[in-house]
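Student: Could you take me through the reading of a few features in a model, step by step?

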Amino acid sequence: MPRIGVFICHCGENIGATVDCEVVAQAAGRLPGVAHAVDYKYMCSDPGQSLIKEAIREKRLTGVVVGACSPRMHEPTFRRACAEAGLNPFLCEMANLREHCSWVHEKGEVTTQKAIDLVRMLVEKVKRNRPLTPIRVPITKRALVLGGGIAGIQAALDIANAGHKVVLVERDPSIGGHMAQLSETFPTLDCSQCILTPRMVEVAQHPDITLYTYSELESLDGFIGNFRATIRKKARSVDESLCTGCGACIQKCAQKKIPSEFNAGLGRRTAIYVPFPQAVPNKPVIDRARCTYYKSGRCKLCEKVCPTKAIRFDQEDELVTIDVGAVVVATGYDVKATSFFPEYGYGEYKDVITGLQFERLASASGPTLGEIRRPSDNEVPKKIVFIACAGSRDPAKGIHYCSKICCMYTAKHAMLYSHKVHDGEAYVFYMDIRAGGKMYEEFVRRAVEEDHVRYVRGRVSRIYPKNGKLIVKGVDTLLNSRPVEVEADLVVLATAMTAQPDAEDLAQKLKVSYDGDKFLNEAHPKLRPVEMNTAGIFVAGACQAPKDIPETVAQASGAASKVAGMFSRDELSREPVVAVVNRQPPPVWSTCVGCFLCETACAYQAIEREEIRGRDGGLIRTIAKVNESVCQGCGTCVALCRSKSIDLQGYTNEQVYAELLAL
Amino acid sequence: MRIGFFPGCSLEGSSREYLESIREVAAVLGIELAEIPDWNCCGATAAHTLNHRLALALPARTLALAEQAGLDEVVVPCSACYNRLAGTRHELLHDEALRQQITDIIEMNWHGATRVLNVLEWLNRVVGELPGHVSAPFGHRVACYYGCYLTRPKALAACRRIEDPTEMDDLVRAVGAEPIRWAYKVECCGAGLSVSRTESVARLSERIVSDAVERGAEAIVVACPMCHTNLDLRRDAILAAAPPGGRSRIAGIPVLYVTQVVGLAMGVSLRPLGLHRHHVPVRLSAAPPSVAPAAAGEGEE
């Protein structure tokens with residue numbers, strides 16, 4: 001015979017002002033199986049919890065229903081109280097009388113009646129609850145970090161410095177990412193390379209970090225604490241253990257006119273190359289699509305000059321399998337979206353460039369060694385136009401979101417330009433200036449007031465060439481909306497920050513969710529910003545949303561501390577709200593017929609196959625089995641199971657039907 | 001193949017040559033143009049500046065007639081007519097209450113079954129077939145001028161890249177012409193101010209014609225009667241607005257309808273295409289200049 005205790009909370013006035021809590025408690029006391037019912041002003045407070053604990057002991061309760069707020073708010077609180085009084089915590093349930101009743105209805109008899117109904121449902125449910133125990137999962141204390149930009153570098157260093165092993169995978173030949181391409185950084189104008197390259201060296205030299213460059217994630221299996229990653233090490237065509245990075249091969253390479261990715265297409269590189277002199281590792285790769293030998297079968301100049309005989313034309317891709325406990329995704333962003341505004345003529349006119357290209361022009365390591373010279377004729381531009389929001393915040397033609405970094409880097413570009421070209425004029429066409437951040441607004445004001453950058457609030461409708469100049473036609477919406485025409489020598493587009501072109505593939509490989517713009521989704525936008533909806537996978541940097549360097553580094557450190565926190569324990573404990581396949585005594589074994597529809601339905605790959613064998617070892621039947629470490633308790637398999645062989649612990653069909661029948 | 005057709009007023013008046021050339025091209029392509037029976041005025045600018053419901057009711061009646069006639073699609077060559085018909089269809093399809101009001105006014109049923117096409121959309125469907133019909137490739141550098149109504153507003157635009165459309169360029173390229181890249185393909189010609197403020201139209205249109213000439217175009221190609229009127233019929237006013245030194249350069253550049261260009265390339269002679277009706281005479285040499293005239297000096301072209 002069940003002995004259920006019902007505890008109705010007033011939540012101050014939150015529930016008490018709308019629902020007659022005393023009447024609810026009295027009604028609950030009359031329900032069959034209820035041995036104790038009481039109401040109290042603040043059930044979550046210490047005296048409130050004591051009411052529950054005392055009742056459990058004195059009335060020998062077999063189940064508890066707390067009629068209060070949402071279980072998201074206080075279920076852990078009340079379950080802990082029950083456990084302290086000796087009741088299995090999973091025998092405690094909450095009826096949500098606040099969000100589901102008092103907050104959404106007017107005061108009145110009907111509202112009180114609804115509260116009684118909600119309590120009655122939960123009483124019927126809790127009668128059928130069974131004691132459950134949390135699931136324990138072992139942890140492999142090694143983290144996989146995907147992406148070697150500043151986000152990945154920061155996360156890898158933080159995890160490694162906490163004393164754990166890290167595998168850092170970068171698909172380019174060097175780590176460094178976009179930050180290595182930048183000239184100076186806002187709002188302090190410190191040199192990007194000067195603050196980044198020491199970190200890159202630290203990564204390479206850290207005893208607990210294994211670095212795989214020119215490598216990509218092939219697949220990821222397993223679950224939190226127990227992932228298995230397969231990494232494809234693309235063939236460098238160079239034996240890294242022999243190469244000393246002397247560069248003789250690069251000097252001799254016959255292909256010298258390949259657009260350099262690092263210089264955003266403004267410089268040239270060879271077919272055997274390191275992306276930039278400060279690369280980590282400083283060992284070349286052969287770009288097989290461009291190499292003369294791979295195209296025509298002849299050349300091998302690099303092999304002839306290599307003093308250590310490190311060139312390996314026959315090297316093949318290598319697959320490495322690594323067990324890891326956690327994954328940090330830090331795969332970054334892309335800025336190539338120039339197609340939103342064909343009327344700006346990017347690609348058509350050499351002197352219309354992107355912000356990233358301007359970074360290379362302004363960088364001391366760039367193709368012009370830091371002098372601002374325009375691509376078409378190498379002249380110093382005397383009039384330069386920056387167009388902010390070249391694609392961002394434009395649902396009609398571009399993307400709907402704000403790329404977040406452009407206001408700041410455009411101010412920085414204009415500032416760098418006026419520092420380098422003293423007689424030059426800089427114009428910025430903008431929609432709004434978004435300069436939220438420490439010292440950000442001050443930075444933009446400095447560009448306007450000290451460096452005399454001309455900010456024009458308005459959009460540019462068209463750019464066309466005339467007499468060696470680029471005519472920029474726009475509008476100044478602040479001065480009676482008059483049309484503006486600027487004869488520019490160079491135009492810089494703040495193109496939108498977009499997700500990596502293969503972000504969707506990666507998300508599917510990792511089984512994590514992503515938004516309509518292919519940015520990866522964090523588990524909760526406010527309260528779980530570095531976790532993803534798949535347990536054990538964390539996110540950092542611009543693969544989640546556009547963000548600048550300080551924010552990226554903060555998120556990376558956040559993700560790293562989550563990983564370190566997880567690794568500080570030897571095993572994980574999690575709620576036992578998982579699906580189970582029923583097992584029956586022989587000769588039935590289980591009602592599962594092995595159709596494995598559940599396998600298709602499961603979004604988390606939690607369904608395994610279990611062979612039932614007789615004493616002689618002969619196979620009797622193959623049935624489904626739920627890996628309780630992986631199962632997220634969504635219940636999709638339960639709904640789909642045709643023989644009703646799967647049930648969700650804590651939310652069994654029996655419990656749910658009992659709730660509904662109580663209505 | 002049979003397709004609905006709405007000539008509108010200008011194609012029966014000042015832009016007869018547009019209609020004539022459309023009929024010639026359709027004949028070569030074996031397309032039957034089924035004129036909407038008893039069609040009426042689209043309302044153009046006059047109606048929608050005065051009364052919103054009148055502006056919707058006029059095109060709605062024509063669309064309802066097309067629907068009654070069982071036409072799935074209607075070709076509407078005039079850009080203003082196109083804008084009114086396509087705009088009305090769009091608005092009524094997205095506002096159930098408004099549709100009820102308008103169908104009450106016109107006392108006809110309307111379901112939105114008939115789609116509206118302009119000439120660019122219509123010919124681009126068969127652009128693959130055009131080279132097969134070409135007997136005299138139109139070997140000239142041309143400036144394709146789209147004007148405003150073909151590209152705006154975005155919901156109705158017949159063109160994919162609204163600020164830098166390429167649909168007309170694709171068409172003329174298919175019949176052997178060489179479309180230039182220029183700066184004024186969607187700038188305003190002054191449109192209906194042609195009558196009331198001719199000097200404004202002259203000022204705006206002068207920039208369009210001058211830029212086309214400066215960048216080496218031998219002809220301007222249009223798909224809108226209003227554009228044609230302003231660039232061709234108003235040429236004297238344009239010349240008056242031009243700087244004195246530049247007048248002779250821009251005096252002679254002819255303005256052709258896209259269907260006239262296609263028709264010429266198909267071997268149709270001048271008169272059936274209505275080329276004799278233009279104000280600026282169409283005198284294009286048979287053999288195009290082998291070297292393109294220097295454009296305005298940009299290295300990028």
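Tutor: We will go through the cores, a helix pair and some backbone features, keeping in mind that the model is predicted.

Student: Which residues have the most contacts inside the largest nonpolar core?

Tutor: The largest nonpolar core has 241 residues, and those with the most contacts inside it are A:V327, A:V328, B:I220 and B:V221. Taking one of these, and not counting residues up to four places away in sequence, A:V328 touches A:A143, A:V145, A:L146, A:A155, A:F538, A:A540, A:A559 and A:V563. There is also a second core, separate from the largest, with 45 residues that include A:C9, A:A37, A:A68 and A:F78.

Student: At what angle do helix α2 and helix α6 of chain A pack?

Tutor: Helix α2 (residues 21-29) and helix α6 (residues 109-127) of chain A pack at about 40°, and their axes are 9 Å apart. Because of that angle, α2(A) is oblique to α6(A). The crossing of α2(A) past α6(A) is right-handed. On the α2(A) side the contact is made by A:V23, A:V24, A:A27 and A:A28, and on the α6(A) side by A:T112, A:A115, A:I116 and A:V119. By type, the residues of this contact comprise seven nonpolar, one polar and no charged.

Student: How should I approach the backbone, and where is the loop that holds A:P187?

Tutor: As a general idea, most peptide bonds are trans, and most residues other than glycine have a negative phi. In this structure, a cis peptide bond joins A:F186 and A:P187, with omega at about -5°, and A:P187 is found in the loop between β8 (184-185) and β9 (190-191) of chain A. Another peptide bond, from A:P586 to A:P587, is also cis, its omega being near 10°; A:P587 is placed in the loop between β30 (579-581) and α17 (597-601) of chain A.

Student: And for phi, is A:C11 buried or exposed?

Tutor: A:C11, which is not a glycine, has a positive phi near 50°, and its place is in the loop between β1 (4-9) and α1 (13-16) of chain A. A:C11 has 24 other C-beta atoms within 10 Å, so this residue is buried, the cut-off being 20 or more.

Student: What is the phi of A:L189, and how many other C-beta atoms lie within 10 Å of A:L189?

Tutor: The phi of A:L189 is positive, about 60°, although this residue is not a glycine. A:L189 lies in the loop between β8 and β9 of chain A. With 14 other C-beta atoms within 10 Å, A:L189 is partly exposed.

Key. Residues numbered from 1 in each chain as written. Chains lettered and ligands numbered in written order. Predicted model: local features only at pLDDT ≥ 70, side-chain atom pairs only at ≥ 80, totals over all residues. Core = buried A, V, L, I, M, F, W, Y, C linked by C-beta atoms within 7 Å. Buried ≥ 20, exposed ≤ 12 C-beta atoms within 10 Å, placed from the backbone. Contact = placed C-beta atoms within 7 Å. Axes fitted to C-alpha atoms, helices over the stretch in contact; angles between N-to-C directions. Helix = DSSP H or I, 4+ residues; strand = E, 2+ residues; numbered from the N terminus. Parallel < 35°, antiparallel > 145°, perpendicular 65-115°, else oblique. Left-handed = near helix turned anticlockwise from the far one by under 90°. Nonpolar A, V, L, I, M, F, W, Y, C, P; charged D, E, K, R; others polar.
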